[in-house]
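Trainee: I would like to test some labels against their cut-offs. Can we go through them one at a time?

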Amino acid sequence: MKEHKTHVTRAWVLHPDIQSDRDRREAKPALDEAVALAAALPDLEVVGADVVRLAKPQPAGLFGTGKIDELKRVFEAAEVELVLVDGPLSPVQQRNLEKAWDVKILDRTGLILEIFSDRAATREGVLQVEMAALSYQRTRLVRAWTHLERQRGGLGFVGGPGETQIEADRRAIDDQLVRLRRQLEKVVKTRALHRAARAKVPYPIVALVGYTNAGKSTLFNRLTGAEVMAKDMLFATLDPTMRAVRLENGLEVILSDTVGFISDLPTELVAAFRATLEEVLAADLICHVRDISHDETEEQAADVREILESLGVGDETPMIEIWNKLDLLDDEEADAVRARAERDDTVLTVSALTGEGLGNLLEAIRTTLSANKVTEVLTLGFDGGKQRAWLHERGVVTQERQTEDGFEITVHWSPKQAGEYAQL
């Protein structure tokens, strides 16, 4: 039987360094990240990458006509089939560039959507990506939403063997969005039921969050013995994974490995993945995993904090910052990082790969989860059966005494549990 040979798409990455943008990122690290994003897609070969300096973006084609002509010659010589622009493109800009260069164009949002579609494993993840992609394509109508007819993962932007292009109008997309929304509502209800069931288990939830490729999944695997996909690539894991585990120090927790964050995360994805990311809101402790070896580790940390804030994660949830990937630093740099971390009680240094610092991390998790608990005495009437059952289900009751009017219950609980009880 003749084997089918996969077509590899030749791609070029451009990072527009717009001088008029006050919030622009450093060009070289931004280009490197864009190339890493492209490398996360299968069947794609990045044959070149450039930073293009711009005084200001041009409404018609982002770049000036001279630069467009210059790049056209470069792409023709390199036989480029796909150009990835690391930034937002309007539908007009995208259409004009595709005509000028005679290649397919993908902006940053389209690229991240393509990666997410390729990674989504659960039914919820697939639905969320499809909804985000349709919302994105609704403004364009130059794209085809052919993800049901693909021979591989992805959204059909890049193209592949056997694909057909279907012209999608706004009404068809809206109909599809309504259908997906109904399906997702069912899945979200199921997730809510699972979350409610977990809440009855008296184990604290510890959520690992961080920039994509910070090493969360490697750390998760180290702590739980699980086999979550952990590769040196952006968005190696997409769907959240949860495990009820007994850590080495005897503490039982539910550990959650969430989707990695990234700067300029498309708004369509933030909205679509809110239900998944809201697992973080249920956490008793958030562990912010950082790749401390990365040149832009501070900027990445700021992006993660911004997304957590947008999700509604408040100061009441304790957080530990984990400076990971010590193994990628030389001895002098690693010692300097350890010295910096020692000056901050909320920071720990580890190497998920070698296991360095994991004992201190487990102890810090135990201490933090215990430190924020307080002991209180509650008085309940005989009609407070629901509240009493809730307290016992959560395992927070340390002593109970029946009185003439009801029950006097001593509880040892966290501020988060106290808040949940107050809403009963």
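Mentor: What follows takes each label, sets the value against the rule and concludes. Keep in mind that this is a predicted model.

Trainee: What confidence does the protein chain have on average?
Mentor: The average pLDDT is 80, and 79% of the residues score at least 70. Over residues 142–153 the pLDDT is below 50, yet this stretch has 44 contacts in the model beyond near neighbours in sequence. Residues 160–168 also stay under 50, and there the model has 18 contacts beyond four places in sequence.

Trainee: How many helices and strands does the protein chain have?
Mentor: There are 14 helices and 13 strands. Of the 424 residues, 48% are buried. The accessible surface comes to about 21,100 Å², with 49% of it on carbon and sulfur atoms. Among contacts with a separation of 6 or more, 70% join residues 24 or more positions apart.

Trainee: Why is Thr410 called buried?
Mentor: Its relative accessible area is 16%. Buried means under 20%. Thr410 therefore counts as buried. It sits in strand E13, residues 406–413. Beyond four places in sequence, Thr410 contacts Thr375, Glu376, Val377, Val396, Val397, Thr398 and Gln399.

Trainee: Why is Val74 called partly exposed?
Mentor: The relative accessible area of Val74 is 30%. The partly exposed class runs between the 20% and 50% cut-offs. So Val74 is partly exposed. This residue belongs to helix H2, residues 65–77. Its C-alpha atom is 9.8 Å from that of Trp12, 62 residues apart along the chain.

Trainee: How do you know that the span of H1 agrees with the expected value?
Mentor: Helix H1 covers residues 27–39, which is 13 residues. The rule is 1.5 Å times one less than the number of residues. That gives 18 Å, and the end C-alpha atoms are 18 Å apart, so the two agree.

Trainee: Which residues of H1 are buried?
Mentor: They are Ala27, Ala30, Leu31, Glu33, Ala34, Leu37 and Ala38. Down the axis of H1 they fall within an arc of 160°, so they line one face of the helix. The face turned away from the buried side carries exposed Lys28 and Ala39.

Trainee: What makes Ala34 count as buried?
Mentor: Ala34 has 4% relative accessibility. The cut-off is under 20%, so Ala34 counts as buried. Setting aside residues up to four places away, Ala34 touches Val13, Asp86 and Leu111. The C-alpha atoms of Ala34 and Val13 are separated by 7.1 Å, at 21 residues apart along the chain.

Trainee: Does H10 get the usual treatment too? What span should H10 have?
Mentor: H10 has 15 residues and should span 21 Å; its end C-alpha atoms are 21 Å apart, which agrees. Its buried residues are Thr297, Gln300, Ala301, Val304, Ile307, Leu308 and Leu311. They cover an arc of only 125° around the axis, so they are on the same side of H10. Glu306 and Glu309 are exposed on the other side. Gly312 follows H10, with a positive phi near 95°.

Trainee: Which residues have the most contacts inside the largest nonpolar core?
Mentor: Leu44, Leu84, Leu111, Val209 and Leu308 do, in a core of 35 residues. Elements giving two or more residues to this core are strand E1 (9–18), H1, strand E3 (82–85), helix H4 (108–119), strand E5 (205–210) and helix H10 (297–311). A second, separate core has 23 residues, including Leu219, Leu285, Cys287 and Ala364.

Trainee: What is the phi of Leu62?
Mentor: Phi is about 65°, a positive value, although Leu62 is not a glycine. Leu62 lies in the loop between strand E2 (44–54) and H2.

Trainee: Why is Leu62 called buried?
Mentor: The relative accessible area of Leu62 is 4%. That falls under the 20% cut-off, so Leu62 is buried.

Trainee: Is Glu79 buried or exposed?
Mentor: Glu79 has a relative accessible area of 58%. Exposed means over 50%, so Glu79 is exposed. It lies in the loop between H2 and E3. Its phi is near 55°, positive in a residue other than glycine.

Note on methods: Residues are numbered from 1 along each chain as its sequence is written. This is a predicted model: local features need pLDDT of at least 70, side-chain atom pairs count only at pLDDT 80 or more; totals for chains, interfaces and linings use all residues. Side-chain values use heavy atoms; hydrogens and water are left out. Helices (H or I, at least four residues) and strands (E, at least two) are DSSP runs, numbered from the N terminus. Buried means under 20% relative accessible area, exposed over 50%, partly exposed in between (1.4 Å probe, protein chains only). Contact means heavy atoms within 4.5 Å. Accessible areas come from the Shrake-Rupley method with a 1.4 Å probe; for residues, only the protein chains shown count as cover. The arc is that of the directions from the helix axis to the C-beta atoms. A nonpolar core is a set of buried Ala, Val, Leu, Ile, Met, Phe, Trp, Tyr and Cys residues joined through side-chain atoms within 4.5 Å. pLDDT is the predictor's confidence in each residue, from 0 to 100.
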